[in-house]
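Colleague: I am new to this structure and would like a close look at a single part of it. Please take one residue and its surroundings, and then go outward from there.

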Amino acid sequence: MKSPIDPPSTPVAETTAHHHGSEATHAPRDWRYVSGLSLAALGIVYGDIGTSPLYALRESFLEEHGVAASAANVLGVLSMIFWALVLVISIKYLAFILRADNRGEGGILALTSLITPGHAPRRGRWGLIVLGLFGTALLYGDGMLTPAVSVLSAVEGLKVVTPTFEPYVVPITIGILTLLFLVQSRGTGAVGRVFGPLTLVWFVVLASLGVWQIARAPEVLAAISPLHAVHFFRTNGWHAFLVLGSVFLVVTGGEALYADMGHFGRRPIRIAWFVVVLPALLLNYFGQGALVLRDSAAIANPFYRMAPSWALIPLVGLATMATVIASQALISGAFSLTLQAVQLGYSPRMRIDHTSAKERGQIYVPAVNWMLMVSCIALVLGFRTSSALAAAYGIAVTTTMTITTVLFYFVARERWQWHPMAAGVVTGVFLVVDVAFWSANLLKIPHGGWFPLVVGAIIFTLLVTWKRGRQILRKRLRESAPERTEFLTTLMAHPPQRVAGTAVFMYGSSQQAPPALLHNLKHNKVLHERVVFLIVRTEEVPFVSDEERTSVTALEHGMWQVDLRYGFMDAIDIPAALASVQSDTLRFKPLDTTYFLGRETLIATGRPGMALWRERLFALMSRNAQTATAYFRLPPNRVAELGAQVEI
C-alpha cells in the first residue's frame with residue numbers, strides 16, 4: 001500500500017517531458033536553469049490567476065449579494081480567499097494534481113487519456129472518458145470568457161482616472177482583443193520571451209500596492225484565521241453562499257496551471273508559485289481589504305483605488321499588458337487542446353500551423369482562433385462591463401475542476417496503487433471544496449453562466465459524434481473489405497501487371513485489404529512493384545521518440561507493412577518519417593512514391609449506430625475536415641484519391 005505523500009512509481013507519472021525540446025529533460029537542474037524556467041512560467045502558467053485581483057474582491061461585494069463591506073465581512077471574504085488559494089492551488093493542484101501527468105503533459109484531456117478505453121468493459125470506464133471529454137469541451141467556453149473579462153476589467157481602470165473615458169472602454173477593449181487575435185498567426189516565440197519579465201513586474205507591483213495598504217491597516221492580517229470565514233457564513237447565511245461564487249474567481253487559473261505543465265515541468269511551476277505568485281496575490285488581496293477597512297466606498301474598484309493618482313495611467317497600461325499575456329496563454333492552451341483532440345480522434349482533421357521550427361509546442365489553429373475572436377468580441381459587446389461578464393464566469397471552470405478531482409481518484413487508485421481509503425480521503429476533501437464552489441456558481445446560470453455551458457455542450461456533442469462516427473465508419477469499411485492475407489494470396493495466384501514505383505496504401509487496419517487497393521485494382525488493373533501498407537497510430541502519450549516512430553515488416557511479393565507511431569502532441573509528417581526508414585530492401589524516393597488514399601462520401605441512413613441527425617452532423621464534419629493530403633503533409637502531386645460511397 002502507498003500513502004498519498006509517496007511519489008508515484010509508474011513511469012507515466014515519473015517522466016518529465018517539455019515542449020522546449022528533449023534537452024529540458026536531461027539538462028542539469030542547476031539554480032540558473034530552474035530559475036529561467038520559473039520566470040518563463042510566470043507569464044504562461046500564472047497569467048490567468050495573476051489578473052484575478054482586478055475584479056475578484058470587488059465582485060464579492062456586489063449589491064445583489066446583499067453583503068455590506070463592513071469590517072467583519074471584509075475579513076470573512078479575505079479569509080475565504082486565503083484558504084481558497086491554499087487549499088485549491090497550493091495543495092490540490094501543486095501538491096497532488098501535478099503528479100498526474102501523462103509523460104510530462106498535463107490538462108484534463110491528458111488526464112483522461114490515462115484512463116484508457118481498453119478498460120471500458122469493466123466498471124463503466126467509458127463513462128469516465130465521456131466525463132473528461134465534457135470537462136475538455138467546457139474549457140473552450142472558458143477560453144472565450146477569460147480574454148473578454150480580463151482585458152475589459154483592465155481597461156475599465158480608465159474610468160477611475162476620469163469618467164470621460166467611459167464611452168471608450170468597450171471600443172478600446174475590442175481593439176486590443178482584435179489585435180491580439182490577428183497576431184496569432186505570427187507565433188508567440190518573440191513575444192513569449194518578454195512574457196516572464198513583464199509578468200514578474202506585474203506581480204511585484206501587486207505586492208507593492210498591497211504592502212503599502214497593509215501598513216496603513218495591519219489589522220487586516222487577522223483574516224488569515226479561518227474563524228473569520230466561519231463567522232462570515234454564520235452571520236450572512238444564504239448571502240455568504242452567493243459570495244462564494246465570486247470568491248471562486250481567485251482560483252480560476254488552476255486548471256490552466258495544470259494544462260500548461262508540459263511546457264515547464266512540476267518544479268519550476270511550484271517554485272514560481274510559492275516564491276512569487278502566492279505572496280504577491282495574498283499581499284494584494286489583503287491590501288485591497290485594508291483599503292476597504294479604512295474606506296468602504298473603495299469597494300467600487302479597490303484594485304485601482306489602492307494606487308496613488310499619479311500611478312493610475314501606468315497601472316492601467318501594465319494591467320492591460322498583464323491581461324493580454326493571460327489571454328495569450330489561454331488562447332495557446334485552446335490551440336494545444338485542439339491538437340490533442342485531433343490526434344486522439346475526437347475532432348476532425350483541421351489546419352494546424354507550427355509557427356516555430358524549434359519549439360514544437362508553438363502552434364496556430366486558424367479555425368479556433370477566429371471562433372475565439374468572434375466570441376470574445378460578441379461577449380464584450382453583449383455584456384459591456386467586466387462585472388456583468390464575471391457573473392457568467394466560473395461555472396465552466398469549477399465544473400472542469402470537479403471532473404479533474406474525480407478522474408484523479410482513479411489515477412491514484414490504478415496508476416499509483418493507492419489504498420482506497422487514502423485515495424478516498426484525499427479526493428473527498430478536494431470534492432467538498434469543489435462542490436461548494438460549483439454549487440455557488442450554479443446560481444450564475446441565469447445571469448450569463450449559461451453561455452459557457454451551451455458552448456461546452458455544443459463542442460462536447462461534436463467531439464463524441466466525431467469519435468462515434470469514425471468507429472461506425474471503420475466498422476462499415478471492415479464489413480465490405482476482405483481479409484488482407486487471404487485476398488493477397490488469391491490475388492498473387494493470378495497476379496496483375498506490375499508497374500515501376502512504390503505505392504503507399506494508407507489504412508487503419510492490418511487485417512483488411514485497404515479499400516484504395518481494391519479500387520485501384522478494379523479500375524487500373526495494375527500493381528506497383530513495391531507495395532507498402534501504411535498505418536498511422538496515435539498513442540495515448542504526448543510524444544513518441546524518433547527511435548520508436550517506425551516499424552517495418554517485410555511481407556511476400558514485394559510488399560511491406562509500415563507502422564508509424566505519434567504522440568498526441570507530435571506534428572505528423574509522413575514523407576519525413578518514411579524518408580528515415582532504414583531497410584536494405586525498401587527505400588522511399590519522393591518522385592517514385594505514390595500515396596493512395598480512400599475518400600469516402602458518407603450517406604446518413606436509418607441503420608443502427610447513431611441518431612439520424614448525428615449521422616448528418618458527422619457527414620457534414622467529414623466534408624469540412626482538412627484533407628488527408630494536407631494533414632499528413634503528403635506532396636499533392638504524388639497523391640491518388642479513390643472515392644466510394646458509404647452508408648452509415
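Colleague: Which residues does W273 touch, not counting residues up to four places away in sequence?

Modeller: The model is a predicted one. In it, W273 touches Y46, I49, L85, I89, S90, L94, L278, P279 and L281, with residues up to four places away in sequence left out of the list. W273 also belongs to the largest nonpolar core, which has 176 residues. Within that core, W273 is one of five residues that touch the most other members, together with Y46, L85, W202 and I574. Helix 6 (residues 71–96) gives the largest share of this core, 15 residues.

Another core, of 16 residues, lies apart from the one that holds W273, and L491, L517, M559 and L642 are among its members. L517 is also one of the buried residues of helix 25 (residues 515–524), along with P515, A516, N520 and L521. These buried residues pack against helix 23 (450–480) and helix 24 (484–493), and against strand 3 (497–506), strand 4 (526–538), strand 7 (593–603) and strand 8 (639–647). After helix 25 comes K525, with a positive phi near 55°.

A further helix to look at is helix 10 (residues 169–182), where V169, V170, T173, I174, L177, L180 and F181 are buried. Seen down the helix axis, the buried residues of helix 10 fall within an arc of 125°, so they line one face of the helix. Their cover includes helix 8 (125–155), helix 9 (157–161), helix 18 (312–343) and helix 19 (366–383).

Technical notes: Residues are numbered from 1 along each chain as its sequence is written. This is a predicted model: local features need pLDDT of at least 70, side-chain atom pairs count only at pLDDT 80 or more; totals for chains, interfaces and linings use all residues. Side-chain values use heavy atoms; hydrogens and water are left out. Buried means under 20% relative accessible area, exposed over 50%, partly exposed in between (1.4 Å probe, protein chains only). Helices (H or I, at least four residues) and strands (E, at least two) are DSSP runs, numbered from the N terminus. The arc is that of the directions from the helix axis to the C-beta atoms. Contact means heavy atoms within 4.5 Å. A nonpolar core is a set of buried Ala, Val, Leu, Ile, Met, Phe, Trp, Tyr and Cys residues joined through side-chain atoms within 4.5 Å.
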